[in-house]
Amino acid sequence: MIEVEGLTKYYGRSPVPAIEDVTFRVEKGEILGFLGPNGAGKTTTMRIITGYFPPSRGTARVAGYDVMENPTEVKKRVGYLPEHPPLYNDMTVEGFLNFVADIKGLDRSKKKLRIGEVAERCGLDEVMDVRIGKLSKGYRQRVGVAQALVHDPEVLILDEPTIGLDPKQVVEVRNLIKSLAGERTVILSTHILPEVSMTCGRVVIINKGRVVAEDTPENLTARLRGVRTIFVEARGPADGIEKVLREVPDVKEVRHEGSEDGTHRFVVESTLEKDIRAQLASSVVSGGFQLLELRPVGMSLEDIFLQLTTEEGA
Amino acid sequence: MRGFFAVFKKELHSYLTSPIAYVLAAVFLVLMGFLFRNLVMQFNAFCLTYFSQAARFGGQLPELNLNRIVVESFFGLLGFISLFMIPMLTMRLYAEEKKLGTFELLTTSPISNLQTILGKFTACFVLYAGTVGLTLVMMGLLDAYGEPDWGPIGSSYLGVLLLGASFIAVGILASSLTENQIVAVAISFGALLLFWLMGWASQFASGGLRKVMEYLSIIDHMEDFYKGVIDTKDVLFYLSFTFFSLFLTAVVLESRKWRGVR
């Protein structure tokens, strides 16, 4: 439903791209979590998919339409809730939803019914005649979700939809999003982990403008549950290094991940209880090989996340 | 088309539910009423002076033309006050959308920039035309107690509306350049004043430059309208001024795409 390929975006004359080579797909009916710390490039990616601005390089397609070539077709199919809900404070909720339905091109005959449905779904029935400027934060967020839903879009893009809400409202908004699964394709950006495990079928983790991981939340955690994973990079003959690594006590598995000019990358799995990093390091060195890098790869999604999103060498 | 109406309705509604439009219209009308009263009193004083002179010394009465003295000055002043009022009406049109983030909603909706520009322009123009239309009451008073010539009054209204359209277009352009409403007012007011003073400035230029400056003088094109003459050249001037400004607004909005701004 959504295909993003090699997206790169430079702002102004900045030599550092806000996002670089971002590639992922979202299938129909799927909820994709877009996870990353603030400033990782989540909003930039979403703004490109919604046609707010074009990428410097790469393509984004929604329902087969290219965002650059067919922006109108894409915009008709996408409902978008930006980080700050775009609301006119001097309009009533009903007036605003009417306006959005008009500019999104919702069929006139369906308008009244659809607005009623969306209002009910988002719990806005009681505030339809209230001016938006007078609504509480939670209600404003719900109006934001409602405006994204009002033209019955196939694709929904939500940028940090639960930010600034109280815990009860957070649960409500999450349930609302979960209830959309199946009928709609959703991309949900967040920097809150539990949100992803609770609502999303698949996660793309982005850091410093690059995609660093992509999997289901279960796979990401289950794959590593009970296992401590350590990444080792060393120089020397591959078999020799592998043999030395295997000889370290408590090592369960050694995988040769790849090599370049005599350096080899290994992923070593061990039991969770013991930290074998020191032994690994000393046996590689005492085996006569040059150790270039050794770092733990996280265990839970939270660990992975922290790992991927904190500074190198942490 | 539907997008245009939606934006038009939204903007008009927003004007009419906020105090800005009412305050501006009220200030405008109070000032115009005050000026109208002064012009009429002035006309009265002229008449009394000339009548008493004629009675004392005999001879022909000079031509005392209600249109020349009251109506022409009235519309001249109306244009001048519009110069102050319109930037305050147009300042929010794009600047506020950018500040509130609703600009993102407009840009990610399947409506063209042209539709939003025209919707906003038309809403502002309707408000301006409505406010200016209320000064018809003053013209009615003039008609009740004197015999003004309605021809030049009609053409003056047409001229003032065309002038207002140009002002609004420049105001929208200024608003599209910034998210700060004060900056928008400053730019539009400065630019309009520049065009307003162009006729005067042209006196100190020569050759082709002088011709260009004379042509660009935004008030000199009003003269014929005040006198009751609707010249296609002048109508075209205001229309092209308006469309060019709106076109530039579209360019500014489109330019986000290649400028790589946030």
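Angles under 35 degrees between helix axes count as roughly parallel, a cut-off that will help with one of the views below. Welcome to this predicted model, shown in a handful of close-ups.

**View 1. Helices α3 and α8 of chain B run alongside each other, roughly parallel.** Here we look at α3(B), residues 66-90, and α8(B), residues 150-176. Their axes come within 9 Å and cross at roughly 20°. That angle is under the cut-off, so the two helices are roughly parallel to each other. As for the hand of the crossing, α3(B) passes α8(B) in a right-handed one.

**View 2. A closer look at where α3(B) meets α8(B).** Which residues of the two helices come together here? From α3(B), the list includes Val71(B), Phe75(B), Leu78(B), Gly79(B), Leu83(B) and Ile86(B). From α8(B), look for Ile153(B), Val160(B), Leu163(B), Gly164(B), Phe167(B) and Ile172(B), among others. The residues of this contact divide into 14 nonpolar and eight polar, with no charged residue taking part.

**View 3. Helix α4 of chain B holds several buried residues.** This helix spans residues 92-100, and within it Arg92(B), Leu93(B), Tyr94(B), Ala95(B) and Glu97(B) are buried. What covers these buried residues? The cover includes the two helices from the earlier views, α3(B) and α8(B), together with α5(B), α6(B) (113-133) and α9(B) (181-196). Just after α4(B) you will find Gly101(B), which takes a positive phi of about 85°.

**View 4. Chain B touches chain A.** How many residues of each chain are in contact here? There are 22 from chain B and 22 from chain A. On the chain B side, α1 (2-17), α5 (102-107) and α13 (232-259) each supply at least two residues. The most comes from α1(B), with six residues. Sorted by character, the chain B side divides into six nonpolar, ten polar and six charged residues.

**View 5. Chain A combines helices and strands.** Now we turn to the partner chain, whose secondary structure comes to eleven helices and 14 strands. The C-alpha atoms of chain A fill a box of roughly 75 × 40 × 30 Å along the principal axes. Of the 314 residues in this chain, 40% are buried. Contacts also reach across the sequence: among those in chain A between residues at least 6 apart, 67% join residues at least 24 apart.

Notes
Residues are numbered from 1 along each chain as its sequence is written. Chains are lettered from A and ligands numbered from 1 in the order in which they are written. This is a predicted model: local features need pLDDT of at least 70, side-chain atom pairs count only at pLDDT 80 or more; totals for chains, interfaces and linings use all residues. Helices (H or I, at least four residues) and strands (E, at least two) are DSSP runs, numbered from the N terminus. A residue is buried if 20 or more other C-beta atoms lie within 10 Å of its own, exposed if 12 or fewer, and partly exposed in between; C-beta atoms are placed from the backbone. Two residues are in contact if their C-beta atoms, placed from the backbone, lie within 7 Å. Ala, Val, Leu, Ile, Met, Phe, Trp, Tyr, Cys and Pro count as nonpolar, Asp, Glu, Lys and Arg as charged, and the others, Gly among them, as polar. Axes are lines fitted to C-alpha atoms, for helices over the stretch in contact, and angles run from 0 to 180 degrees between N-to-C directions. Angles under 35 degrees count as roughly parallel, over 145 as roughly antiparallel, 65 to 115 as roughly perpendicular and the rest as oblique. A crossing is left-handed if the near helix is turned anticlockwise from the far one by less than a right angle, and right-handed if clockwise.
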